[in-house]
Amino acid sequence: MTRLHASRLELLVDELTAEAGARRWTLRAPTPGWFRPLVGIATWCEPGAPVGTLDVLGRVHLLVIPPNVAGATEDLAANTDPAAGYLSPRAVAYRDPLIRLSTQTIVSGARSDATASSSPAAIAAGGLVFRAPTSGRFYGRSSPDKPAFVEPGTQLAHGATICLLEVMKTFHRVTYGGAGLPDTARVSRVLVRDGDDVNAGDPLLALE
């Protein structure tokens, strides 16, 4: 599987006052453009993770989390058009707030408009699932002739590779872990197929 590199821009970051032991950051636009989120609400984001794209004069860049910043996305409804929805593209100016992250524990069942009803979601309803951290194309193995990263019965621990997600022709390794998930879990079912397009928050694995 060939890896092609897309232009990446780090988001600007302001750390907010800590509350009840939780750290919070506001991530801001590094330049004016058209912003399109790739993650929904209550998505856990690690440093370097792609969380959106920014179209600057016709050139699209991946927006990534800066080093030493990690947390779950919180709603920034005040900066979006409610009629359009959280994941809709919007024009932004330099340093406009785009995403807020918090280390506060997020309930694993939290949902947003990014996790609308679908067949896999119905299958996993009421159970523990691992959800896509961003939108992209799902690949369950590093190349067609390689074994799958996970399959039913696979025991997962923090940092275990789940899949690759292709975003703008760049492949991002997705690993197990995040708020609301236990330290270890067993895969009971893989809910998507190789080459499927998934949205941020879509369930990828049913866990037990």
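A residue counts as buried when its relative accessible area is under 20%. In this predicted model, H61 has a relative accessibility of 9% and is therefore classed as buried. The points below cover the surroundings of H61, an aromatic pair and a four-stranded sheet.

**Surroundings of H61**
- Strand β7, which spans residues 59-64, contains H61.
- A polar contact of 2.7 Å links the side chain of H61 to the side chain of S7.
- When neighbours within four places in sequence are set aside, H61 is in contact with S7, L9, G52, T53, L54, V56 and M168.

**Aromatic pairs**
- Two aromatic pairs are found in a search of the whole structure.
- One of them is formed by F130 and Y176, whose ring centres are 6.2 Å apart and whose planes meet at 35°, a tilted arrangement.
- F130 belongs to strand β11 (residues 128-131), whereas Y176 sits in the loop between β15 (170-175) and β16 (184-190); the pair therefore ties together parts that are 46 residues apart in sequence.
- Both residues of this pair, F130 and Y176, are buried.

**The four-stranded sheet**
- An open sheet is built from four strands in the order β11-β18-β16-β13, with antiparallel pairing.
- Strands β11 and β13 (155-157) are at the edges and have a single partner strand each, so one side of each lacks a neighbour in the sheet.
- On average, neighbouring strands of this sheet are turned by 45° against each other, direction ignored.
- Antiparallel strands β13 and β16 are joined by three bridges.
- L156 has A185 in β16 as its bridge partner.

Notes. Residues numbered from 1 in each chain as written. Predicted model: local features only at pLDDT ≥ 70, side-chain atom pairs only at ≥ 80, totals over all residues. Heavy atoms only, no water. Phe/Tyr/Trp six-rings, centres within 6.5 Å; stacked < 30°, edge-to-face > 60°. Helix = DSSP H or I, 4+ residues; strand = E, 2+ residues; numbered from the N terminus. Buried < 20%, exposed > 50% of the residue type's maximum accessible area, 1.4 Å probe, protein only. Pairing = 2+ DSSP bridges. Axes fitted to C-alpha atoms, helices over the stretch in contact; angles between N-to-C directions. Polar contact = N/O pair within 3.5 Å; in protein donor to acceptor, adjacent residues only side chain to side chain. Contact = heavy atoms within 4.5 Å.
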